[in-house]
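Please open the structure in a viewer and keep the selection panel at hand. The stops below proceed from the whole chain to single residues.

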Amino acid sequence: MDTYVQADKPTSNFGASVRISTEGRAKIWRNSLLRFNVQVPAGEHVVSAKLRAYSETSTTSTEFVDVFTTSGGWTESGVIWNNAPARATWLGKAGGFAAGSWVEWDVTKGVGAKGGEQNFKLESNAQKWIGFKSRESSNSALRPRLVVTTAPDTATSTEAAVVRGWGKPVAGDEFNYTGAPDATKWIVYNSPGHAGNGIRSPQQVTVDGSKMVMTGTPEGTTAGISAKFANQKYGRWEVRAAGSGDNEYHLVSILWPDNGNWPCDGEVDYAETTGGWNVIKFFHHYSCENRQVSAEKALDVTQFHNYAVDWHSGGIVGYVDGVKWFETTNAAHQPPGPMHQTLQLDWFPDSTANGAGEMRVDWVRVYAPRTP
């Protein structure tokens, strides 16, 4: 399907038009909607997706048409400005193109690995009409298209993002550099340790070219980092991590409230050890009384595993190696505002002899929220 909606004609439907269009002028504002149903062959997954539309208008290098994901549910003959879906994740922009040419946007990160229904929205900053051929065009060769490239599934994945078809990451860190954690992506703690135990020092965290490594000393000098990216309400996060050493050290992967209003605004510990490296736990904290729901699973945490959380309007789901192991759908448990990723090696000293600990993280990846 494809159509456009127009602000100064908020109850008019343009589903039968031979063109779709965008316009950035106030009052006349136009946006276009497109839908494709992608059929991926069995045993394959999407590796590339390009949205293409044939332009009837030229633009300058400062006039852009932006493409976003959007929700489904609209119909070509029923959607109008007043009921059109809102834009969601920004995927890219195109500008400086000529009339009578194909315009292309890379929308790979907005298309699920296993295909299915894909909805897009075009918007523009240009103070003029920009038109494209629609699927109603008499020339079928010039109708909009979604060009999808697939590749064989070489092995059964243990990533929730692949197994569940979350598409391409929208943010994260692959830790494929050396030195301190990327300062554009992370805040490195320089503070007292968890609950005042020990200290968190920038010297205890480094990136070795393939992974981030946090080390904790027997005296409780350890580390933690907080993401500057993907500060958002709802989304999907996945980390590949391992840990080892003294049981007094706890590996923790957390979604923490942006405003720091804890415990009232909640905390999602979607991978945590609490005194041993043979059990992984999920703790979801909620309410000002710091209530919790939790789960645990026997697992060799000294080996790398993939830990993921899907936070959406209907609840919170946890995965280990692509398999669901935690879920809450109670609306009262929902965090009230945006959150972000933190990684911590926390020290919990006890009556036993103190030893060193280590946390290793291959990567952190964030994916767009699921479509309602």
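Begin by selecting the charged side chains: the chain has 34 positive and 38 negative ones, and the centres of the two sets lie 11 Å apart. Here Lys and Arg count as positive and Asp and Glu as negative, while His and the chain ends are not counted. Each charge is placed at NZ of Lys, CZ of Arg, CG of Asp or CD of Glu.

The model is predicted: local features need pLDDT of at least 70, side-chain atom pairs count only at pLDDT 80 or more, and totals for chains, interfaces and linings use all residues. Residues are numbered from 1 along each chain as its sequence is written, and side-chain values use heavy atoms, with hydrogens and water left out.

**The whole chain**

Next, show the chain as a cartoon. Its secondary structure comprises 1 helix and 28 strands; these are DSSP runs numbered from the N terminus, helices being H or I over at least four residues and strands E over at least two. Along the principal axes, the C-alpha atoms fill a box of roughly 80 × 45 × 35 Å.

Switch to a surface. The accessible surface comes to about 15800 Å², and carbon and sulfur atoms account for 49% of it; areas come from the Shrake-Rupley method with a 1.4 Å probe, and for residues only the protein chains shown count as cover. Of the 372 residues, 51% are buried. Buried means under 20% relative accessible area, exposed over 50%, and partly exposed in between (1.4 Å probe, protein chains only).

Contacts, defined as heavy atoms within 4.5 Å, may be considered next. Among those between residues at least 6 apart in sequence, 72% join residues at least 24 apart.

**Aromatic rings**

Select Phe, Tyr and Trp. The structure holds 16 aromatic pairs. Rings (the six-membered one for Trp) pair if their centres lie within 6.5 Å; planes under 30 degrees apart count as stacked, over 60 as edge-to-face and the rest as tilted.

Centre the view on Trp166 and Tyr319, an edge-to-face pair at 6.0 Å centre to centre with 70° between the planes. The two residues are 153 apart along the chain: Trp166 belongs to the loop between helix 1 (160-163) and strand 11 (171-173), and Tyr319 to strand 25 (residues 315-320). Both are buried.

Move on to Phe175 and Tyr177. Their ring centres are 6.5 Å apart and their planes stand at 45°, so this pair is tilted. Phe175 is buried, with a relative accessible area of 0%. Add Trp186 and Phe229 to the selection, since these two form one aromatic cluster with Phe175 and Tyr177.

**Charges over rings**

Two further selections concern a charge over a ring, that is, NZ of Lys or CZ of Arg within 6 Å of the ring centre and within 35 degrees of the ring normal. At Trp74, the charged end of Arg35 sits over the ring, 4.4 Å from its centre. At Phe64, Lys93 lies over the face, 4.1 Å from the ring centre.

**Backbone geometry**

Select Trp262 and Pro263, which are joined by a cis peptide bond with omega about 10°. Pro263 lies in the loop between strand 20 (249-257) and strand 21 (267-272).

Then inspect Ala195, a residue other than glycine with a positive phi, near 55°. Its loop runs between strand 14 (191-192) and strand 15 (199-200), and at 68% relative accessibility Ala195 is exposed. Asp321 also has a positive phi, near 50°. Asp321 is located in the loop between strand 25 and strand 26 (323-328) and is partly exposed, at 21%.

**Contacts distant in sequence**

Which residues does Glu174 touch, not counting those up to four places away in sequence? They are Ser210, Asp362, Trp363 and Arg365. Glu174 occupies the loop between strand 11 and strand 12 (178-179) and is partly exposed, at 34% relative accessibility.

Finally, select His312 in strand 24 (residues 305-312). His312 is buried, with a relative accessible area of 12%. Leaving out residues up to four places away in sequence, His312 touches Tyr234, Val317, Gln334 and Arg370. Its C-alpha atom is separated by 8.3 Å from that of Arg236, 76 residues away along the chain.
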